[in-house]
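User: I'm new to reading protein models. Could you walk me through a few features and how to read them?

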Amino acid sequence: MEWNFQTAEELAAALRAGEVTSVELTDEAIARIERDDKAINAICVPDFDRARAAARGADQARARGEDRPLLGVPVTVKESYNIAGLPTTWGMPMHRDFVPAEDAVQVSRLRAAGAVVLGKTNVPLGLQDLQSFNEIYGTTNNPWDHARTSGGSSGGSAAALAAGFGALSIGSDIGGSLRTPASFCGVYAHKPTLGLVANRGMVPPTTPALPTDLDLAVVGPMARTARDLTLLLDVMAGPDPLTLGVAHDLKLPLARHQRLSDFRVLVLDEHPFLPTGSAVRAGVNRVADALVDGGARVERHTPLLPDLAEAATLYMQLLFSGSGARLPVEAYEQLRTRAAGLSADDQSLGAARLRGIVFSHRDWIEADNRRELHRHGWRQLFAEFDAVVCPISPTPAYPHDHNPDLLERRLDIDGVEYPYLDQLVWAGLATMPGLPATAIPTGLSSEGLPVGVQLVGPMFEDRTPLRLAELLEQRIGGFQAPK
């Protein structure tokens, strides 16, 4: 039997039933990687010897009567997570030889759950791109079309899942880095509520692995089914044992509903700053139609929706405000001069990014206060709705573009060019207020490329968009293996 495209849930059941061993699953996954990854380049740091040893250990544990959620299931890990004995470079050549001494907290949780780690997946330079390429490991290609990007920054993980290289993967997200690759490669991902999942050890090379609360950024699961996302989130979720975990235990609320007919859903496909391409709009409408057919209450407009233009501006300012602190003084002063020269009437996203880079602490506090007003607006909206369906990216996967200046790149939306970084507005809809968002595939475009959308839910009610994803998977289908 071909196991590589089976779900983690199916593999765990087969392992429990004695239908297959972890050694067999691991050998089959390694064989597929060795056969197919030369063309895709998703697995940048293989760890096959230790994976085989872990698989043997999993089989021995099962023989002793042990059972854990992922015991014996092969998985991959984004390169940016520390794994003891393997390089963590974030694609930066100056750090190609850095090897951490201990696992990130999420790698430890994977191992404690019994998972077999096959290796690490590719990322962009410094995780700062929506494409995954760097000088150390090269370019990760989209399994559906090798001339196109797999997305970023968790592009290696999404490509690995689409290609059948392990049943699960873990990534991270601040600018859609879980959701965009999932959309481009036709798989599932979940951006958890901000603060729900401990991120210690998912840090730049040589940086101490401390339990720091990062603004906007989260780590989360990727899979080929919605149920597998839930399975992996249950392994990952919970506070860091060094901080909040000292006093807090996690108990996520159940999904608000179990039946599609009980859901109240807001559907969005228009953004004030950027058009939605025809392929993505069709994907949103496919989901909307499935919701209506399933008896859900679907609305396209509500006065409760927070202002999307202000939200996008706030997101860009907060996202880029972290960049200024790491710039050399001379470069920072040049940008301050440029920002001071902007017209007060310039409310473009490019202006928001430039102003954000040179934010003062006073500026940041003001922006953070406005964010809290948006969070309150979302709380009011989610008193009337259970989820919001909207795009992740305005287009399917686009051709590789390795221009080192992201400001010079352009994004083609139905034949019209727009600034490359403006595509972040849809990812920012959930990221800026810290909301959970589940990326789901909706089918293929007319060009045969995957198209995904996101299901945004209420804070700390992650099981609600995840359950909705399961119900939609039953209606519109889910993952398809690339032809």
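User: Let's start with Lys191: which strand is it found in?

Analyst: This is a predicted model, so keep that in mind as we go. Lys191 belongs to strand E9, which covers residues 188-191.

User: What is the nearest side chain of opposite charge to Lys191, and how far away is it?

Analyst: For a charged residue, look for a partner of opposite charge. A salt bridge needs the charged atoms within 4 Å. Here the nearest candidate for Lys191 is Asp173, at 6.1 Å. So Lys191 has no salt bridge, even though it is buried.

User: Then what does the side chain of Lys191 reach at 2.8 Å?

Analyst: Check backbone atoms too, not just side chains. The Lys191 side chain reaches the backbone oxygen of Leu435 at that distance. Leaving aside neighbours within four places in sequence, Lys191 also has contacts including Asp173, Val218, Gly434, Pro436 and Asp462.

User: Zooming out, which domains does the assignment give?

Analyst: Domain 1 spans 8-259, and domain 2 spans 308-369. Their contact takes five residues from each of the two domains. The C-alpha centres of the two lie 33 Å apart.

User: How much area do domain 1 and domain 2 bury between them?

Analyst: Interface size is often given as the accessible area lost when the parts come together. For domain 1 and domain 2 that is about 360 Å², with 60% of it on carbon and sulfur atoms. On the domain 1 side, Ile174, Asp215 and Leu216 supply 80% of the buried area, more than any other three residues.

User: And how many salt bridges cross that interface?

Analyst: Zero salt bridges are found between domain 1 and domain 2. There is one residue pair in polar contact between them, though.

Conventions. Residues numbered from 1 in each chain as written. Predicted model: local features only at pLDDT ≥ 70, side-chain atom pairs only at ≥ 80, totals over all residues. Heavy atoms only, no water. Helix = DSSP H or I, 4+ residues; strand = E, 2+ residues; numbered from the N terminus. Buried < 20%, exposed > 50% of the residue type's maximum accessible area, 1.4 Å probe, protein only. Lys, Arg positive; Asp, Glu negative; His and termini not counted. Polar contact = N/O pair within 3.5 Å; in protein donor to acceptor, adjacent residues only side chain to side chain. Contact = heavy atoms within 4.5 Å. Domains from an automatic or database assignment. Buried area = accessible area lost by both parts, 1.4 Å probe.
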